[in-house]
Amino acid sequence: MTEGQRQFLRRVWASVRHAPAGTPGQDVEQLVESCATLLSQRGEVSTARIAADAIAAYGCLNAEGRNAFFDALVNDYSPVAADLQRAIDAYQVDPSPLSAHALHQAAEPPRQELFRRLNTAAGGTQLLVRLRADLLPTLEAHPERAGIDSDLVHLFRSWFNRGFLVLQRIDWRTSAAVLERLIAYEAVHQIQGWDDLRRRLAADRRCFAFFHPALPDEPLIFIEVALTRRLAGDVQSLLDPRARVTDPSEARWAMFYSITNCQPGLRGVSFGNFLIKQVVEDLSREFRSIRKFATLSPIPGFRSWLLSARHLMSPDLAAVSLDNFEQLTALPAPLPEEIRRLCAYYLIREKRGRAPLDSVARFHLANGARLARLNWMGDTSAAGIASSLGMTANYVYRIAEVETNHEAYATNFDVARSVTDERLAREVKSAKSAVPA
């Protein structure tokens, strides 16, 4: 054990001396010693055994212990500056493949190899996903830990690439453990118990999830689909647990009404685009009548943006309380249409850099969808009013257009949209230009 690692051990020990019951100090010491020796081991059996000890020890750390461990990953497991500089100098003198390889080795943080070796034990992948979930909330206060995050994302993008993912349909026969996780993880439209879940898994519904062999009972992401006869504009009708179950063979549309990323530790590792494309392919094979695919999506940033854009509103709309549900649902006829115009303007014209400001719009447009329709009071839940002012958006995936739309967005951030939505957005622009300075 190096002197730096001994100092780290003393810091961790000091941070957990007053740890709560069930977090014995010897587990912290075991974690530190395991991490210090993992990188010196060459035998696979001994590496896996030590990694298993480290995994168990991490699970017993309290918040202070985890913070100390993150500090050690920065201080003791980052690239050595002197070694990196020597490798850079050598490559500049001799830019050969051998020098490039030496430079790569010097630049790679030792913690990446530590993570790889932790992954050799049963439960290693799950531990590292949990570790990143614990790390993410600390990054704002500790920006020096961003390198740890980058290293984990680098590894996860290899370990969780599409070739390792398994698509499974979730139905009422799926294990109770997975069904319980769906209820717990649902982030778009909360599942109100088992009766609600049963209706979402009925014959005219589909639910698909990606799994990874290292996390067999943990869905990574799941999508909920309603098989309908027409393009749906409101989520209330789809979520009603008492709604009549229709014959799926009569469906013409597949409506993606909820997509949930389940693992906070895998944030930034893309699954959704693969999932939607795979589900489109599977449903096309299962139902010859379904050739139209669309989302019923929230517009999560719309209400907060609108509060900052009162200069675009008419005096009548500016006088409306955007927090008052009863007042919103009782708006006189011209105002809902004005809100639709402002929503179209927000989705098409408002930008973060060159990309659309709205996160859901960025996701679907980047996957090749087209903004097709905006729906007033499409989500009347408290969450829908608070984030989207009750608006929902239909993004349509037309198989013949997906690649063209994707390329146009990837190249120029072009927003594929309907003629109607473009007209709505232009009307706001015209109104804005008519406002006196």
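Which residue is the bridge partner of R373 in β9? In this predicted model, the partner is N394. That single bridge is a handy way into the sheet, and the paragraphs below work outward from there.

The bridge belongs to the pairing of β8 with strand β9 (residues 392-397), which is antiparallel and extends over 5 bridges. These two strands are part of an open sheet of 7 strands, arranged in the order β1-β2-β3-β4-β5-β9-β8 with mixed pairing. At its edges stand β1 (166-169) and β8 (370-375), each of which pairs on one side only. From one strand to the next, the twist averages 25°. In general, the strands of a sheet pair through backbone hydrogen bonds, and they do so either parallel or antiparallel.

At the β1 end of the order, β1 and β2 pair in the antiparallel sense over 4 bridges, and V166 stands opposite F211 in β2. On its other side, β2 pairs with strand β3 (residues 221-228), again in the antiparallel sense, over 6 bridges. Here F208 has I223 of β3 as its bridge partner. Strand β2 (residues 205-211) is mostly covered, with 7 of its 7 residues buried. The cover applies to both faces: R205, C207, A209 and F211 are buried on one side, while R206, F208 and F210 are buried on the other.

Helix α18 (residues 359-366) brings the view back to the other end of the sheet. This helix lies across β4 (253-261), β5 (292-295), β8 and β9, and runs at about 10° to β9.

Attention now turns to the nonpolar cores. In soluble globular proteins, nonpolar side chains tend to be buried together. The largest nonpolar core of this model has 96 residues, and among them F160 and F302 touch the most other members. Helix α17 (residues 334-349) gives the most to this core, with 9 residues. Leaving aside neighbours within four places in sequence, F302 is in contact with I339, L342, C343 and Y346, as well as with S387, S388, L389 and M391. A second, separate core has 13 residues, including A226, L238, Y257 and L296.

F160 also appears among the aromatic pairs, of which the model has 11. The rings of F156 and F160 have centres 5.8 Å apart and planes at 90°, so this pair is edge-to-face. F156 is buried, with a relative accessible area of 0%, and F160 counts as buried too, at 1% relative accessibility. Y409 and F413 form another edge-to-face pair, with 5.3 Å from centre to centre and 75° between the planes. In this pair, Y409 is buried, with a relative accessible area of 6%, whereas F413 counts as partly exposed at 26% relative accessibility. F156 and F160 also join W159 and F271 in one aromatic cluster.

Two residues make good landmarks for a first look at the structure. F160 is a member of the aromatic cluster with F156, W159 and F271, and together with F302 it touches the most other members of the largest nonpolar core. R373, the residue of the opening question, leads through its bridge partner N394 to β9.

Notes. Residues numbered from 1 in each chain as written. Predicted model: local features only at pLDDT ≥ 70, side-chain atom pairs only at ≥ 80, totals over all residues. Heavy atoms only, no water. Phe/Tyr/Trp six-rings, centres within 6.5 Å; stacked < 30°, edge-to-face > 60°. Buried < 20%, exposed > 50% of the residue type's maximum accessible area, 1.4 Å probe, protein only. Pairing = 2+ DSSP bridges. Axes fitted to C-alpha atoms, helices over the stretch in contact; angles between N-to-C directions. Contact = heavy atoms within 4.5 Å. Core = buried A, V, L, I, M, F, W, Y, C linked by side-chain atoms within 4.5 Å.
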